[in-house]
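Me: Give me a close look at the domain arrangement in this one, please. Then follow it inwards to whatever holds the chain together.

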Amino acid sequence: MNMKEYIEEAEKDLLHTYNRYQVVLDKGDGVYLYDAEGKKYLDFVAGIAVFALGYNNKEYNDALKAQIDKLTHTSNYYYNVPAIEAARKIKKASGMDRVFFTNSGAEANEGAIKAARKYAYLKDGTTDHEIIALEHSFHGRTMGALSVTGNPKYREAFEPMIGNIRFAKMNDLASVLECVNDKTCAIMMETVQGEGGLLPADEEFIKGIRKICDEKDILLILDEVQCGMGRCGSMYAFQKFGIKPDILTSAKALGCGIPVGAFMMTEKVAQNSLVAGDHGTTYGGNPLACAAISKVFDLYEELHIIDHVNDVAAYLDDKLNEIKAAYPCVKELRGTGLMRGLVFDKPVAPLINKAMEKGLIVINAGADILRLVPPLVIEKKHVDDMVDILKAAIEEVQ
Ligand SMILES: *Cc1c(COP(=O)(O)O)cnc(C)c1O
């Protein structure tokens, strides 16, 4: 079948929950993707911040192949070596004390919410605790994660939500304080908002939140599903601020292509929240998933990913500033590290399609923001290539 026929079949068989780009992706190598007809694309999306190590990394693939031949699944009623190793490595990388492996980011956030509610329940025996989340946040599509997602458009048709959620504003400590009361059990936020528009928390705000949480024994839940794993120039984005969350969630690049997630907590929260019987998952933390996580952390060290990100991100920043200066249709530059956004004065869909035509994959975050979340292994020459194509595409759609 050719690409057009595949797409026609997909449109008949798959539930239409995505407006997909008209391309069937077939193969990946390094920072390049190939469609089913062999056309090559420079990839600045990485499966939405997933393929940090690029495609077809041999060491990663070999580790997965070896694990497939050994054992892919047990059950969480038994121990397995890859999970033990992955837990050790994620603790070291995050500075957190205990980990629960999930299959996705949304599930990691579900677990985080349950842990926070249980913590509060054990303190006062009541069940009407509140969570403060932020406007324009995105935490996933399951009911709990959706309930704390600060975009009414995603929630409306699916009401009622889990309830007792209040929304405050990013980088506006006063708006958070207005929501805090004796029932608040957690403040939940992305360290850098992704879907909501590539908006980093500023240092004063996040430190202020930490202080509120410390004073009132409220748990700080940081969702680093998108911004974590080195993308913002430190293993986890919060580490730049010298603070620590009580609960941290991670996914996307954590598995670099294998569906995994995790929520982690401090020992204090672990000792005072979820116990045997409170939470579980069939697949979460299985040997195949954990072999991926484990190898991802090894490769981050081996390839000095964090140093590389800081180096190439500075270069990207210069180039994006040049684009902003050259084109009045680019109103604002957002984000940090290799998680960047260009705010345009109009919807970016035509621009994305034009870029694809020219062999560059980029994506949006909201209608007017072009999002760049490339593999973390991109080099400066790839940034140059991206800039050339993007400029040409901007000029053609203007
Ligand atoms: C993608 C994302 C999620 C949801 O992760 P899934 O694996 O799609 O469930 C949650 N939080 C943030 C910040 C995300 O970017």
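Reply: The C-alpha centres of domain 1 and domain 2 sit 27 Å apart. This is a predicted model, so local features need pLDDT of at least 70 and side-chain atom pairs only count at pLDDT 80 or more, while totals for chains, interfaces and linings use all residues. Residues are numbered from 1 along each chain as its sequence is written, and side-chain values use heavy atoms, without hydrogens or water.

Domain 1 comes in two pieces, 3-56 + 304-397, and domain 2 is 71-302 (bounds from an automatic or database domain assignment). Where they meet, domain 1 puts in 26 residues and domain 2 puts in 27 residues; contact here is heavy atoms within 4.5 Å.

Now look inside. The largest nonpolar core runs to 86 residues, and Met189, Tyr300 and Met386 have the most contacts inside it. (A core is a set of buried Ala, Val, Leu, Ile, Met, Phe, Trp, Tyr and Cys residues joined through side-chain atoms within 4.5 Å; buried is under 20% relative accessible area, exposed over 50%, partly exposed in between, with a 1.4 Å probe and protein chains only.) Helix 11 (residues 287-302) is the top contributor to this core, with nine residues, and both domain 1 and domain 2 supply at least three residues each. Helices are DSSP H or I runs of at least four residues and strands are E runs of at least two, numbered from the N terminus.

Zoom in on Met189. Skipping neighbours within four places in sequence, its contacts include Leu134, Met170, Phe205, Ile206, Ile209 and Leu222, plus the polar pair His139 and Asp223. Apart from the big core there's another one of 22 residues, Ala112, Ala116, Ala120 and Ile131 among them.

On to the charges: there are 25 salt bridges, each a side-chain nitrogen of Lys or Arg within 4 Å of a carboxyl oxygen of Asp or Glu. Glu195 and Arg371 pair up at 2.9 Å, N to O. Glu195 is in the loop between strand 8 (192-193) and strand 9 (199-200), and Arg371 is in strand 17 (residues 369-372), 176 residues away along the chain. Arg371 counts as buried, at 2% relative accessibility.

Helix 5 takes part in two more. Lys118 meets Asp278 at 2.6 Å, N to O; Lys118 is in helix 5 (residues 105-124) and Asp278 in the loop between helix 10 (267-271) and helix 11, so the bridge ties parts 160 residues apart in sequence. Lys118 is buried at 17%, whereas Asp278 is partly exposed at 25%. Lys123 pairs with Asp217 at 3.0 Å, N to O. Asp217 lies in the loop between helix 9 (203-216) and strand 10 (219-223) and Lys123 in helix 5, so this pair joins parts 94 residues apart in sequence. Both ends are partly exposed: Asp217 at 25% and Lys123 at 47%.

One last stop, Asn76, in the loop between helix 3 (58-70) and helix 4 (81-94). Asn76 is partly exposed at 46% and, neighbours within four places aside, is in contact with Thr281, Thr282 and Gly284.
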